[in-house]
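Student: I am new to this structure and should like to study it with you. May we begin with the ligand and its surroundings?

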Amino acid sequence: MHMAPELEPIVDKVEQGARLSFEDGVRLFQCRDLLSVGWLANRVRQRLHGNYAYFNQNRHINPTNICAVHCNFCSFRRNGDEEDAYWWTPEEIVERVRPDVGPHITEFHIVGGLHPELGLEYYCEIFRQLKAAYPWVHIKAMTAVEVHFLAELEGLDYKTVLRRMKEAGLDSMPGGGAEIFAERVRRRICPEKATADQWLEIHRQAHRLGIRSNATMLYGHIETYEDRVDHLLRLRALQDETGGFQTFIPLAFHPMNNGLGKKVNREWTTGVDDLKVIAVSRLLLDNFPHIKAYWVMLTPQMAQIALNFGADDIDGTVMEERIYHDAGATTPQHLASPALLRYIRAAGCVPVERDTVYNVIRVYEDEAPQPVEAVQG
Ligand code: V47
């Protein structure tokens with residue numbers, strides 16, 4: 001394959017399994033040859049995962065949209081006095097999810113607003129009641145931002161908050177709230193919540209307690225390529241130290257119904273940038289096992305293409321997504337597993353149903369991967 005000449009030194013490093021530098025990362029983002037960058041990332045994905053592409057069957061739960069802080073990219077938050085502001089009791093949550101939760105569901109993904117009156121015990125009670133009602137379901141809950149907020153609210157240190165939640169049933173943590181670590185950007189998009197160092201410290205503490213976690217990056221707003229690379233390398237450094245991260249999920253900024261969207265003229269990320277972020281993440285995060293193309297955010301069609309640009313996971317069935325749909329997403333709020341299988345197979349991959357910590361539940365090798373034309377329509 002013909003490679004962009006400026007990528008040659010990077011290709012050599014990748015072929016030798018050598019680590020890429022800050023400058024390499026910036027060069028990859030600057031490169032106009034998307035296919036070369038994608039080809040390289042795809043090689044790394046294949047080296048790590050062969051032709052397997054992962055998904056799970058999960059159910060999102062957002063216990064409240066009432067939030068004490070004002071991140072200007074967020075369309076989900078409410079002050080509390082609006083008609084659509086809400087919070088659910090633990091009992092309401094257990095009943096709300098009941099129609100969807102059969103033995104096939106393996107994960108609750110629980111994140112929400114920073115409600116000033118809902119303390120640690122409220123969340124512990126949600127975990128206890130969900131575990132009592134659905135003991136087989138893994139609880140992936142609480143971003144580092146929520147953990148920081150609860151620590152301040154309760155006057156406790158991070159470790160104590162995490163330990164108490166673990167005792168109540170929390171199994172792992174999602175990757176939200178990381179946004180962009182660079183101070184200049186963070187000051188402008190989310191000045192009131194956990195800082196970059198606090199976000200990283202909470203994940204460090206979680207990993208030490210045996211709580212695995214994911215990491216994210218919100219891109220496509222006012223950040224530079226250098227900010228993206230800085231973000232990825234800070235995650236890589238923490239992963240070197242703890243090994244507790246499982247998956248990295250780049251999050252494309254959705255510009256509707258929020259202040260930041262207005263600042264960027266309601267411009268959405270482009271398909272080329274979306275694929276490039278996936279590819280560069282795969283190449284720089286050499287110590288992260290998985291890169292997720294979150295279909296809710298990218299569209300199932302783009303997530304499917306991303307499986308050939310470095311991603312090996314497209315997330316799950318989701319069921320009730322609010323954060324992206326409040327911000328203008330036009331994707332469905334739920335995809336049943338046959339649809340996920342179809343997208344993965346048409347990408348030339350073998351679908352692998354996993355649990356949250358990547359134990360394999362089922363490899364769908366029964367049907368040979370089909371060329372895209374065969375499954376159109
Ligand atoms: O933390 C909020 C982001 C995150 C917008 O760990 C926005 O498996 C784009 O973290 N445009 C929550 N992004 C989602 C998240 C996540 C999703 C799927 C899987 C996992 C995982 C984690 O969504 C927030 C914030 O960074 N976000 N508003 C917006 N307008």
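Student: Which side chain holds an N or O atom 2.9 Å from a nitrogen atom of the ligand?

Tutor: This is a predicted model, in which local features need pLDDT of at least 70, side-chain atom pairs count only at pLDDT 80 or more, and totals for chains, interfaces and linings use all residues. Residues are numbered from 1 along each chain as its sequence is written, and side-chain values use heavy atoms, with hydrogens and water left out. A polar contact is a pair of N or O atoms within 3.5 Å. At 2.9 Å from the nitrogen atom of the ligand, the side chain is that of Tyr324.

Student: Which elements give two or more residues to the shell around the ligand?

Tutor: Helices (H or I, at least four residues) and strands (E, at least two) are DSSP runs, numbered from the N terminus. The elements are strand S6 (212-219), strand S7 (245-252) and helix H15 (323-326).

Student: How far is the polar side-chain atom of Lys140 from an oxygen atom of the ligand?

Tutor: Another oxygen contact involves a polar backbone atom of Gly176, at 3.3 Å. For the side chain of Lys140, the distance is 2.7 Å.

Student: How many residues surround the ligand?

Tutor: A residue counts if one of its heavy atoms lies within 4 Å. The closest include Phe73 and Glu179. The number of surrounding residues is 23.

Terms used
A polar contact is a pair of N or O atoms within 3.5 Å; within protein, one must be able to donate a hydrogen and the other to accept it, and residues adjacent in sequence count only if both atoms are side-chain atoms.
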